[in-house]
Amino acid sequence: MGDARAIPARDAAFDLVMANHMLYEFASDGLRAVVAELNRIVARKGRLLATTYSDAGRVLLTDLHNETLAVLGFPPSGPQPSSFCLENGADVLSAGFAEVDTHVMEEVGSDTDADAFTALYVKTGGYHWAASHDPIPEADGARIPEVFRSKAEERIDEHGAIVTVTNWTAFVARGPL
Ligand SMILES: C[S@@+](CC[C@H](N)C(=O)[O-])C[C@H]1O[C@@H](n2cnc3c(N)ncnc32)[C@H](O)[C@@H]1O
């Protein structure tokens, strides 16, 4: 284990480096430091594979997560733009790499089972963050799955199913600067 802002590896050590669904964990300052580290450890003719989501459109899991926190009295401050997504990822990586190719795979899912959707939700970083976040008392945190489930059930009753569109995004970056 190490911190992505100070990777314990020598310069140009790897032909392929993967950063899967983690660059969006950093706000812009930290992200610049991580891209500089990725630039440093990828071999001159090597590649970086970095995957993420699209920030466009509604992500129903996030909507229901926000509605759940609002029911518990902790309304989120508003949509938080992603620091690393389909829309801005190529720009972010171009600070450290000469060429960035973008690949997108759209996946449409339809769920009619509130329990299954809740089981998916409790695996997300958003849930774990909220359940262990200081301002949210433990008793409220413990209610998150049950409130989320009732919100999911409402959507299914209203629309017949929960339809999600995911734009899985992969950037392949070459030519560390
Ligand atoms: C959404 S998870 C993705 C995990 C895995 N790469 C995958 O695709 O399933 C984000 C990961 O980023 C890691 N992470 C967050 N901050 C980090 C840091 N400063 N250095 C290294 N990893 C970090 C977290 O521990 C978590 O495992």
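Analyst: A polar contact is a pair of N or O atoms within 3.5 Å. The model discussed here is predicted.

User: What makes the pairing of D3 with the ligand a polar contact?

Analyst: A polar side-chain atom of D3 lies 3.1 Å from a nitrogen atom of the ligand. That value is within 3.5 Å, so the pair counts as a polar contact.

User: Which polar backbone atoms pair with a nitrogen atom of the ligand, and at what distance?

Analyst: For A4, the distance from a polar backbone atom to a nitrogen atom of the ligand is 2.9 Å. For N20, it is 2.8 Å. Both values are within 3.5 Å, so these pairs also count as polar contacts. The ligand taken alone exposes 590 Å², of which the protein buries 47%.

User: Which residues surround the ligand, and how do they divide?

Analyst: Around the ligand are G2, D3, A4, R5, N20, H21, M22, Y24, E25 and F26. This shell holds 4 nonpolar, 3 polar and 3 charged residues.

User: Why is helix α2 called roughly perpendicular to helix α4?

Analyst: The axes of α2 (residues 60-71) and α4 (residues 114-121) cross at roughly 85 degrees and come within 11 Å. Angles of 65 to 115 degrees count as roughly perpendicular, and therefore α2 is roughly perpendicular to α4.

User: Which residues meet where α2 and α4 are in contact, and what kinds are they?

Analyst: L60, L61, L64 and H65 of α2 meet F117, L120 and Y121 of α4. Of the residues in this contact, 6 are nonpolar, 1 is polar and none is charged.

User: How many helices and strands does the chain have, and what pattern does it follow?

Analyst: There are 6 helices and 4 strands. Along the sequence, the pattern is β-α-β-α-α-β-α-α-α-β.

Definitions and conventions. Residues numbered from 1 in each chain as written. Predicted model: local features only at pLDDT ≥ 70, side-chain atom pairs only at ≥ 80, totals over all residues. Heavy atoms only, no water. Axes fitted to C-alpha atoms, helices over the stretch in contact; angles between N-to-C directions. Helix = DSSP H or I, 4+ residues; strand = E, 2+ residues; numbered from the N terminus. Parallel < 35°, antiparallel > 145°, perpendicular 65-115°, else oblique. Contact = heavy atoms within 4.5 Å. Nonpolar A, V, L, I, M, F, W, Y, C, P; charged D, E, K, R; others polar. Near = heavy atom within 4 Å. Polar contact = N/O pair within 3.5 Å; in protein donor to acceptor, adjacent residues only side chain to side chain. Areas by Shrake-Rupley, 256 points an atom, 1.4 Å probe, with all protein chains shown as cover.
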